[in-house]
Amino acid sequence: MLYSEIADVFDRLEGTSSRLEMTSILSGFFRTLDPVSLRHIVYLSQGKLHPDFFAVELGMADKLVLRSIAFVSGMSESKIDELWKKEGDPGTIAETLVKNKKQTALSYEPLTLETVLKNLTLIENAEGRDSQDKKTKYLFNLLKDSGPVEARYICRIVTGRMRIGAASMTILDALADAFGTKEDRPEIERAFNITCDLGLVAETLATGGVDAVRKIKVAVGNPIKVMLAERLPSIPLILDRMGGRCAMEFKYDGIRVQAHIDKDSVKLYSRRLEDLTSNFPDIASELRKRCRAERAIIEGECVAVDPETGGMLPFQTVTHRRKKHGMDKAVEDYPVRIFMFDILLADDEDMTLYPFEQRRSRLGKTFDLSEKVQLTSMEVVGTRQEGEEFFSKALSMKCEGIMAKSLSPESVYRAGSRGFLWIKYKKDYEEALTDSFDLVAVGAFHGRGKRAGKYGALLMAVFDDETGKYCTVCKLGTGFDDAFLAGMPDMLDGYLSEARPRMVDTQMTPDVWFLPTVVLEVVAAEISLSPTHTAAWGVVKEDAGLGLRFPRFTGRVRDDKGPEECTTANEILSIYELQTADKL
Ligand code: ATP
């Protein structure tokens, strides 16, 4: 298959901001593809060669890409560097220069999907001292045979800038449209939620239809999208919602991990599907030692403890385990325990299909507990007093609050969904503040006065999972200390965008735009109607959205969350409704 056909589809997708239109472009295209090409093209549309949880990334440095462009176009590296400073996107530079490319002596052969995959794989695997030269060469091999649009997407893929707006939900819509019906959409989505592998779901569908997709099972090695909790502002409201009785667990303040335990190996994934095994080698080996099953998938919270007293330490301490170097020392200096709260696979049994109580009991039976490997503290609660006592106990143990879990027969593990089967209740709620929000930076305003020469404020957005857009909720300029202000360009400038990214829906015009990537934790006094901010636009009131009043950065960069995992527009709406109903 010619790569130009694929690049043309990417170009058409980039040209529209309507999710419906994207779905129709994609589903028409998907129908024409053989299952294996479909799988690869689905990954490429996300800027990858593999599913998200694969540790290897293409991530080629901009400098190397510019060098390959220089070779192909015959333009000097310094001239290209000037263009780079102006454009900020190697994809656009490659497109322009390939248009005017000098005829090289080398023969021109149209690029095929196969050649693209082969060279991208070579780039990904290049190792050793001359790896940079090799990468430049493989990219040159591709660019010399590329047309302008093909070059644009090759450069965006290798530099990690492939944002054509086809979010995973749009791909799933298109797959359902191409190979099934609307009614099949939930099953297709479930297959994705329990495998985190869009390509696998696509290939299975194209090969064996929806029946084959139904047979996709939870498996060790395929991370499962995590189940998430709703929030309510008081214990009585929680009990009410849970039918008068529920399980309550301590809500530990650590890092969530999903452990995939196999015969003689263990992998730990973050909720963002990063491989955290090397950060918690002690936990990984202890889990294998303590697990009675041959294979299991469990979830738990890794929490740092005081080496002297064994008491739990705040979240910031466990983040020392997320560094890249000196892990042996960090393992010694920052002892960690895992508090397990769920089991999703036990040998060959898919535990996600069982209600909470069965899962919890199986979890207990599957492990010989130790100091390092424990279960979350849990009690079944039926009255307000019991609930409040359990909450106080959680706080006295330095936990953030409690997680209430439904005991109903429907309380299966809902991979990838946020619902009232789990409800969180935190100390913050008691202090009449709403819970924190995880917002994505989509733009920045230059600083003035003391902040001159730096970014003074950021334009922050939530994700609207129905439209696939990022809608703004506040301009954030409070809570930044000097070190954070100084480090902001380093953290954000890799995601600069020449113009407003199409997936950003806003009425404000910041000085610079960012591709929605970096997630920051923010607290605010309240949510109010806003004529400028676009979250839940027109839902509560015509010509108004919802915005945050007095937003403040908490100091926590949520690098464990991807942009699509930030607070959603619907969550903002439901908190606004709670706030107006209960004066939260
Ligand atoms: P969310 O996970 O809801 O998107 P968040 O990451 O900001 O939001 P919180 O809202 O504070 O986290 O609460 C949910 C998180 O609490 C879980 O993802 C998990 O990491 C953690 N957690 C701690 N204790 C438990 C428990 N007993 N059961 C489930 N999750 C727990």
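Q: On a 1 Å grid over the protein atoms alone, a cavity is a set of points where a 1.4 Å probe fits but cannot get out, and lining residues have an atom within 4 Å of a point. How many cavities of 30 Å³ or more does a search of the whole structure find, and which residues line the second largest cavity?

A: This is a predicted model, in which local features need pLDDT of at least 70 and side-chain atom pairs count only at pLDDT 80 or more, while totals for chains, interfaces and linings use all residues. Residues are numbered from 1 along each chain as its sequence is written, and side-chain values use heavy atoms, with hydrogens and water left out. Rolling a probe the size of a water molecule over the atoms shows where empty space is left. Here the search finds two cavities of 30 Å³ or more. The second largest cavity holds about 30 Å³ (the space filled by probe spheres set on grid points joined across faces, edges and corners). Its lining consists of Val9, Phe10, Leu26, Phe29, Phe30, Ile41, Val42, Ser45 and Ile171. Helices α1 (3-14), α2 and α3 (35-45) each give two or more residues to this lining (helices are DSSP runs of H or I, at least four residues; strands are runs of E, at least two; both are numbered from the N terminus).

Q: How do the residues of that lining divide into nonpolar, polar and charged?

A: There are eight nonpolar, one polar and no charged residues (nonpolar: Ala, Val, Leu, Ile, Met, Phe, Trp, Tyr, Cys and Pro; charged: Asp, Glu, Lys and Arg; polar: the others, Gly among them).

Q: Which residues touch the most other members of the largest nonpolar core?

A: In soluble globular proteins, nonpolar side chains tend to be buried together. A nonpolar core is a set of buried Ala, Val, Leu, Ile, Met, Phe, Trp, Tyr and Cys residues joined through side-chain atoms within 4.5 Å; buried means under 20% relative accessible area, exposed over 50%, and partly exposed in between, with a 1.4 Å probe and protein chains only. Of the 68 residues in the largest core, Tyr3, Leu13, Phe30, Ile69 and Leu120 touch the most other members. A second, separate core of 34 residues includes Tyr455, Cys474, Val512 and Ile527. Beyond four places in sequence, Phe30 is in contact (heavy atoms within 4.5 Å) with Leu38, Val42, Ile171, Ala174, Leu175, Ala178 and Phe179.

Q: Where is Thr23 placed, and is Thr23 buried or exposed?

A: Thr23 sits in helix α2 (residues 19-31). With a relative accessible area of 11%, Thr23 is buried. Leaving out residues up to four places away in sequence, Thr23 touches Thr170, Asp173 and Ala174.

Q: Why does the second largest pocket lie between domain 2 and domain 3?

A: A pocket is an open set of grid points with protein on both sides within 12 Å along at least five of seven lines. Domain 2 (228-432) and domain 3 (437-583) both give residues to the lining, so the pocket lies between them (domain bounds come from an automatic or database domain assignment). The pocket has a volume of about 1000 Å³. Its lining has 45 residues, of which Lys251, Asp253, Glu400, Lys426 and Arg556 lie nearest the centre. These 45 lining residues divide into 15 nonpolar, six polar and 24 charged. Strand β11 (residues 418-426) gives the most to the lining, with four residues.

Q: What is the phi of Cys196?

A: Most residues other than glycine have a negative phi. Cys196 has a positive phi, near 55°. Cys196 lies in the loop between α11 (185-195) and α12 (198-214) and is buried, with a relative accessible area of 4%.
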